[in-house]
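Student: Could you take me through one part of this protein in close detail? I'd like to look at the sheet and the pieces that pack around it.

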Amino acid sequence: MQLNERSHIVTCVDILGYKEVLRRDDQEEIRRIEIEFQYFVEANIQKRANFPDFRCVSYTDNFLFFYKLSQEAGKSADSNAAGDLTGNYAGISDEKIENVLLGHISSLALTQFDLVLHNHFVRGGMTIGGFEKGSTIVSGSGLLEAHDLEEKAVHPRIILNPAIVRDYISFSRPAPLVVDKEDQRIFIDFLSVQMKEWLDPEKGAGENGDMDLTYLKGFRSVLSGIRANIEKALDAAADSRVREKYVWLQEYFDFFCYSNQALGLDELAIKPMADKERFLFMKSWEDFSACVPE
């Protein structure tokens with residue numbers, strides 16, 4: 001994947017059901033959703049990294065995030081973050097791009113968790129590509145690709161262009177990504193990111209380095225809220241195509257719970273694990289390659 005002076009990280013996100021809210025022209029609900037979305041995005045971007053040039057705009061029922069890979073963008077106090085990127089695009093190290101990507105992935109994961117907890121289910125697509133924003137127009141190959149990925153996501157998940165995972169994520173440290181082996185999509189593991197926030201050893205360890213059970217209890221509580229909202233969405237889905245989306249989310253939720261049986265999270269699973277082989281936590285690029293048919 002070649003970079004140039006127009007290269008951005010571009011992510012297109014759609015809130016499921018938001019189109020119907022717009023069609024009703026319910027200004028009060030529209031404003032409430034937009035404020036909620038903006039709050040979670042800004043709060044989580046600040047929590048994960050200082051990206052002052054990170055931008056978000058909305059159009060129709062989509063929210064578009066974009067971030068320029070340049071020397072000027074993303075001045076950060078952390079020397080490992082985006083502020084280290086140079087203006088020489090051919091010389092930007094894969095490690096620096098990886099730092100930015102992982103920061104964005106974690107921020108989006110925390111935002112997705114917060115939105116689902118407030119009954120807003122999202123799908124989206126992330127890529128790196130050309131992008132330009134004028135006073136009245138946004139355009140570029142990255143925008144087209146991110147929008148195309150968002151539509152291909154189908155289910156409530158944010159998927160990544162496999163090329164950016166192949167080229168820029170080394171897996172030298174954990175990356176919160178999962179492969180859906182059924183359709184070979186790589187998506188953000190938002191439940192694991194939230195769990196890491198709650199169970200971070202630096203803030204949750206006891207005197208002997210053991211996990212503080214208060215933090216585990218807190219995480220189980222918010223995870224129970226996610227479960228309740230998924231169950232409500234399943235019950236409310238009259239259309240089979242809509243229901244299919246929430247069945248997928250239930251299966252991912254259960255996969256996560258059963259994968260963390262040691263923490264007792266399997267007790268929160270919605271259904272018995274029907275297909276333990278559908279999802280795979282990515283630990284290397286080879287994990288994905290093995291899922292793609294010859």
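Tutor: Here's a walk through the sheet, strand by strand, with the helices around it. Keep in mind that this is a predicted model.

First, a bit of context. The protein has 10 helices and 10 strands, and 50% of its 294 residues count as buried. If you take contacts between residues at least 6 apart in sequence, 69% of them join residues at least 24 apart.

Now the sheet itself. It's an open one of 8 strands with mixed pairing, and the order reads β2-β3-β1-β4-β7-β9-β8-β10. The edges belong to β2 and β10 (279–281): each has a single partner strand, so one side of each is left without a neighbour in the sheet. Ignoring direction, neighbouring strands are turned by 30 degrees against each other on average.

Let's start from the β2 end. β2 and β3 pair antiparallel over 5 bridges, and one pair to look for is arginine 55 with its bridge partner in β3, phenylalanine 66. The two strands form a hairpin with 2 residues between them. Check threonine 60 in that turn: its phi is positive, about 40 degrees.

Next along the order comes β1, residues 7–15, and that's where you'll find aspartate 14. This aspartate has 5% relative accessibility, so it counts as buried, the cut-off being under 20%. Who is around it? Leaving out residues up to four places away in sequence, aspartate 14 touches Asp61, Asn62, Phe121, Val122, Arg123 and Glu150. Asn62 sits in β3 (62–68) and Val122 in β4 (122–130), while Glu150 is one of the buried residues of helix α4.

That last contact takes us to α4 (residues 141–153). Its 13 residues reach 18 Å from first C-alpha to last, close to the 18 Å expected at 1.5 Å a residue. Buried in this helix are Gly142, Leu143, Ala146, Leu149, Glu150 and Ala153. Look down the axis of α4 and these buried residues fall within an arc of 130 degrees, so they line one face of the helix. The cover over them includes β1, β2 (55–59), β3, β4, β6 (138–139) and β7 (158–160). Right after α4 comes valine 154, with a positive phi near 60 degrees.

Another helix to place against the sheet is α3, residues 94–117. It packs there by touching β1, β3, β4, β7, β8 (177–180) and β9 (185–188), and its direction makes about 160 degrees with that of β4.

Now move on to β7, β9 and β8. β7 and β9 run antiparallel and are joined by 2 bridges, with isoleucine 159 having phenylalanine 187 in β9 as its bridge partner. β8 and β9 are antiparallel too, joined by 4 bridges. Here valine 178 has its bridge partner in β9, namely phenylalanine 187. So look at phenylalanine 187 from both sides: it is a bridge partner of isoleucine 159 and of valine 178. β8 and β9 form a hairpin with 4 residues between them, and glutamine 184 in the turn has a positive phi of about 55 degrees.

It's worth a stop at proline 162, which belongs to helix α5 (residues 162–168). At 28% relative accessibility, this proline counts as partly exposed. Not counting residues up to four places away in sequence, proline 162 touches Ile186, Trp285 and Phe288. Ile186 falls within β9. As for phenylalanine 288, it lies 126 residues from proline 162 in sequence, yet the two are 8.7 Å apart in space, C-alpha to C-alpha.

Finally, bring in α9 (residues 240–259). This helix has 20 residues and reaches 28 Å from its first C-alpha to its last, close to the 28 Å expected at 1.5 Å a residue. Its buried residues are Lys245, Tyr246, Trp248, Leu249, Gln250, Tyr252, Phe253, Asp254, Phe255, Phe256 and Cys257. Among the elements covering them are the sheet strands β4, β8, β9 and β10, along with the helices α6 (190–198) and α8 (213–236). That brings us to the other edge of the sheet, where β10 stands with its single partner strand.

Methods. Residues are numbered from 1 along each chain as its sequence is written. This is a predicted model: local features need pLDDT of at least 70, side-chain atom pairs count only at pLDDT 80 or more; totals for chains, interfaces and linings use all residues. Side-chain values use heavy atoms; hydrogens and water are left out. Buried means under 20% relative accessible area, exposed over 50%, partly exposed in between (1.4 Å probe, protein chains only). Contact means heavy atoms within 4.5 Å. The expected span of a helix is 1.5 Å times one less than its number of residues. The arc is that of the directions from the helix axis to the C-beta atoms. Two strands pair if DSSP finds at least two bridges between them. Axes are lines fitted to C-alpha atoms, for helices over the stretch in contact, and angles run from 0 to 180 degrees between N-to-C directions.
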